[in-house]
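Reader: Please take me closely through one part of this model: the way its helices pack against each other. I am in my first year, so keep the terms plain.

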Amino acid sequence: MSAAHAMLSVMAKKTAHDDPLAPVTLAVGQEDLLLDRAVQEVVAAARAADADTDVRDLTSDQLQPGTLAELTSPSLFAERKVVVVRNAQDLAADTIKELKGYFASPAEEITLVLLHAGGARGKGLLDAARKAGAREVACPKMTKPADRLAFVRGEFRARGRSATPEACQALVDAIGSDLRELASAVSQLVADVEGTIDEAVVGRYYTGRAEASSFTVADRAVEGRAAEALEALRWSLATGVAPVMITSALAQGVRAIGKLSSARGGRPADLARELGMPPWKIDRVRQQMRGWTPEGVAVALRAVAEADAGVKGGGDDPEYALEKAVVTVARAARSRGRA
């Protein structure tokens with residue numbers, strides 16, 4: 001199982017011992033959304049077992065020596081309790097010593113959740129919890145676009161809904177790197193839209209920005225999907241996108257095809273450095289370049305240049321100039337099949 005797939009339930013890689021009501025859960029990482037979800041999963045499980053579960057959510061400075069013993073002491077009412085400790089890497093040495101002793105003999109009906117940033121600080125606590133068999137949930141920062149894409153796919157799957165790969169990519173492109181915003185966007189789409197969620201739906205909701213909508217036009221055109229490109233073009237113009245933004249996106253799309261088709265083979269990371277593109281874009285352009293020929297690239301670039309002149313005052317009808325360019329690019333994308 002890949003690292004991305006392993007993060008997709010609570011977006012987390014877990015130990016084989018995966019009972020949310022395990023005596024100790026260790027949530028490790030710096031992604032706030034995933035840390036919060038790790039806590040929420042434990043609390044939900046505890047309240048499913050006992051609706052009156054008492055939840056204590058503490059920062060590291062609130063867990064002083066002796067506090068743990070007080071929180072985990074037997075209750076007259078034998079109530080279930082969840083004790084959450086945030087920023088556990090910052091706990092005082094005496095408190096860490098107390099926790100290590102607790103790991104050896106955890107209290108019944110108590111679930112302890114430790115949120116730890118990872119790294120060298122407080123590593124002794126991490127090692128002790130792991131050695132004692134704590135359930136572990138990995139909550140790393142998602143710095144790679146591929147990880148955020150996997151996150152979005154997992155969000156749709158977790159809600160029992162289907163979204164096309166293009167829709168997932170469009171959502172990441174439009175929203176950016178904030179996982180909370182991505183999760184919120186998925187929730188909104190699932191609540192509002194029936195059936196499979198496709199790129200057109202994402203476009204209506206989230207690509208009102210000029211950059212995002214103009215690149216949708218370009219992507220559909222270089223993929224040879226003329227009808228969809230024209231639909232995206234009309235939507236972009238109707239929402240006020242400047243025509244020059246669209247010709248710029250078309251030019252970038254066709255140039256990327258030309259660059260990659262003339263580059264030597266290699267891994268996406270190597271090509272990314274050579275061509276000045278992010279690795280995820282290398283993968284996308286590779287899919288888009290099927291059907292292109294060098295002659296097709298030349299024809300498309302001339303068409304885009306003519307459209308650019310047209311929208312900058314060299315023609316009477318900028319919209320017609322753009323439509324003509326989009327159709328020419330889409331036809332050029334299928335030039336190999338006609339050769």
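Author: What follows goes helix pair by helix pair.

The model is predicted: local features need pLDDT of at least 70, side-chain atom pairs count only at pLDDT 80 or more, and totals for chains, interfaces and linings use all residues. Residues are numbered from 1 along each chain as its sequence is written, and side-chain values use heavy atoms, with hydrogens and water left out.

Start with helix H6 (residues 145-158) and helix H7. Helices here are DSSP runs (H or I, at least four residues), numbered from the N terminus. The axes of H6 and H7 come within 9 Å and cross at roughly 120 degrees. H6 is therefore oblique to H7. Axes are lines fitted to C-alpha atoms over the stretch in contact, and angles run from 0 to 180 degrees between N-to-C directions. Under 35 degrees counts as roughly parallel, over 145 as roughly antiparallel, 65 to 115 as roughly perpendicular, and the rest as oblique. H6 and H7 make a right-handed crossing (the near helix is turned clockwise from the far one by less than a right angle; anticlockwise is left-handed).

Which residues of H6 and H7 meet? H6 brings Arg-148, Leu-149, Val-152, Arg-153 and Phe-156. H7 brings Pro-165, Cys-168, Gln-169, Leu-171 and Val-172. Contact means heavy atoms within 4.5 Å. By class, this contact has seven nonpolar, one polar and two charged residues (Ala, Val, Leu, Ile, Met, Phe, Trp, Tyr, Cys and Pro are nonpolar; Asp, Glu, Lys and Arg are charged; the others, Gly among them, are polar). The polar one is Gln-169. The charged pair is Arg-148 and Arg-153.

Now follow H7 (residues 165-175) to its contact with helix H8 (residues 179-192). Their axes come within 10 Å and cross at roughly 130 degrees. H7 is therefore oblique to H8. The crossing is right-handed. From H7 come Leu-171, Val-172 and Ile-175. From H8 come Glu-181, Leu-182, Ala-185, Val-186 and Leu-189. Seven of these residues are nonpolar, none is polar and one is charged. The charged one is Glu-181. Leu-171 and Val-172 of H7 appear in both contacts, with H6 and with H8.

Last comes a pair further along the chain: helix H12 (residues 243-262) and helix H16 (residues 318-332). They pack at an angle of about 15 degrees, with axes 11 Å apart. H12 is therefore roughly parallel to H16. H12 passes H16 in a left-handed crossing. Pro-243, Ile-246, Thr-247, Leu-250 and Val-254 in H12 touch Leu-322, Ala-325, Val-326 and Val-329 in H16. Eight of these residues are nonpolar, one is polar and none is charged. The polar one is Thr-247.

Conventions. Helix = DSSP H or I, 4+ residues; strand = E, 2+ residues; numbered from the N terminus.
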